[in-house]
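Colleague: Please give me a close look at one part of this model, the aromatic rings. I would like to know what they pair with, where they sit, and how far the model can be read.

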Amino acid sequence: MNVAYVQHVQFERSVDTLRSMGVTVLYGGGGFVPNEPGQGRPNEYPWHLALDTASSVLSP
């Protein structure tokens, strides 16, 4: 995902809807911040947040 996707009018609505349903969305400050188009930086993706969140959901 990059900032071009985030500019779509439905994007923020979708994120808000998911969060209101209790879904953890790792987007925005403290989570994933999209890059400019063509500037993929996979090493900067916050995998630790995704793995920690998945672990907390799966652990009793």
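Modeller: The chain has an average pLDDT of 87, and 98% of its residues score at least 70; pLDDT is the predictor's confidence in each residue, from 0 to 100. This is a predicted model, in which local features need pLDDT of at least 70 and side-chain atom pairs count only at pLDDT 80 or more, while totals for chains, interfaces and linings use all residues. Residues are numbered from 1 along each chain as its sequence is written, and side-chain values use heavy atoms, with hydrogens and water left out. By element, mean pLDDT is lowest in helix α1 (residues 3-6), at 86, and highest in helix α2 (residues 9-20), at 94. Helices here are DSSP runs (H or I, at least four residues), numbered from the N terminus.

Now the rings. The whole structure contains three aromatic pairs. Rings of Phe, Tyr and Trp (its six-membered ring) pair if their centres lie within 6.5 Å; planes under 30 degrees apart count as stacked, over 60 as edge-to-face and the rest as tilted.

One of the pairs is Phe11 with Tyr27, which is edge-to-face, at 5.0 Å centre to centre and 80 degrees between the planes. Phe11 is in helix α2 and Tyr27 is in the loop between α2 and α3, 16 residues away, and the pair links these distant parts of the chain. Phe11 and Tyr27 are both buried, a term that means under 20% relative accessible area, with exposed over 50% and partly exposed in between (1.4 Å probe, protein chains only).

Phe32 and Tyr45 form a tilted pair, because their ring centres are 5.2 Å apart and their planes meet at 45 degrees. Both residues lie in the loop between α2 and α3, so this pair ties together parts that are 13 residues apart in sequence. The two differ in cover: Phe32 has a relative accessible area of 12% and is therefore buried, whereas Tyr45, at 29%, is partly exposed.

Tyr45 and Phe32 also belong, with Trp47, to one aromatic cluster. Residue 47 is where helix α3 (residues 47-58) begins. That helix is hardly covered, with zero buried residues among its twelve. Its end C-alpha atoms are 16 Å apart, which agrees with the 16 Å expected for twelve residues at 1.5 Å a residue; the expected span is 1.5 Å times one less than the number of residues.

Technical notes:
Helix = DSSP H or I, 4+ residues; strand = E, 2+ residues; numbered from the N terminus.
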